Amino acid sequence: MKKELKKQIVEELSKEFTNEVSVFYADFKGQTVKDLEALRNAVRVAEGKARIIKNTLAKIAFANNGIEASFEENNIFIWGEDQITLAKIITKHAAANKDTFKIKGAVIEGEVKDAAYVEEVSKL
């Protein structure tokens, strides 16, 4: 990926990953294109966004908003303003795809949260 494109992606994500937005991230290793499309469609209906992003670019975007987060392995990032609906969509997808989709955590209101917190939010 060219440096200019990376810079553009980081700028775009920095605008998206503000404190008003909840960002969830999960391991999607083993997911089929069909599975990921189903997740993306459900997120889109909830007026959210889902995107596979390089971890270093996501980390820089969060750092630009004063949030210190670190990520490992492959991640899909799902974000939007309605954290409860998105948490429900993600936990439902994780339950249906136990072997290939694992929730890792979230950044909610500028704070890094774990997978257990995402599960709690989904039950509201």
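## The main core

In this predicted model, the largest nonpolar core is made up of 21 residues, and F24, L39, V43, I76, I78 and F101 have the most contacts inside it. At least two residues of this core come from each of strand 1, helix 2 (33-45), strand 3 (76-80), helix 4, strand 4 and helix 5. Helix 4 gives the most, with five residues.

F24 is a good place to start looking around. Leaving aside residues up to four places away in sequence, F24 touches I76, F77, I78, Q83, L86, A87, I90, G105, A106, I108 and V118. Apart from the largest core lies another one, of 18 residues, which includes L13, V23, A69 and W79.

## The sheet

Now for the strands. Five of them build an open sheet, ordered 2-3-1-4-5, with antiparallel pairing. Strand 2 (49-52) and strand 5 each have a single partner strand and stand at the edges, so one side of each is left without a neighbour in the sheet. From one strand to the next, the twist averages 20°.

At one of these edges, strand 2 pairs with strand 3 in the antiparallel sense over four bridges. A50 has I78 of strand 3 as its bridge partner, and I78 is also among the residues with the most contacts inside the largest core.

## Helices against the sheet

Helix 4 lies across strand 1, strand 3 and strand 4, and runs at about 10° to strand 1.

Which residues of helix 5 (residues 115-122) are buried? They are V118, V121 and S122. Seen down the helix axis, these buried residues fall within an arc of 100°, so they line one face of helix 5. Their cover includes strand 1 (22-27), helix 4 (83-96), strand 4 (102-108) and strand 5 (111-114).

Notes:
Residues are numbered from 1 along each chain as its sequence is written. This is a predicted model: local features need pLDDT of at least 70, side-chain atom pairs count only at pLDDT 80 or more; totals for chains, interfaces and linings use all residues. Side-chain values use heavy atoms; hydrogens and water are left out. Buried means under 20% relative accessible area, exposed over 50%, partly exposed in between (1.4 Å probe, protein chains only). The arc is that of the directions from the helix axis to the C-beta atoms. Contact means heavy atoms within 4.5 Å. A nonpolar core is a set of buried Ala, Val, Leu, Ile, Met, Phe, Trp, Tyr and Cys residues joined through side-chain atoms within 4.5 Å. Two strands pair if DSSP finds at least two bridges between them. Axes are lines fitted to C-alpha atoms, for helices over the stretch in contact, and angles run from 0 to 180 degrees between N-to-C directions.
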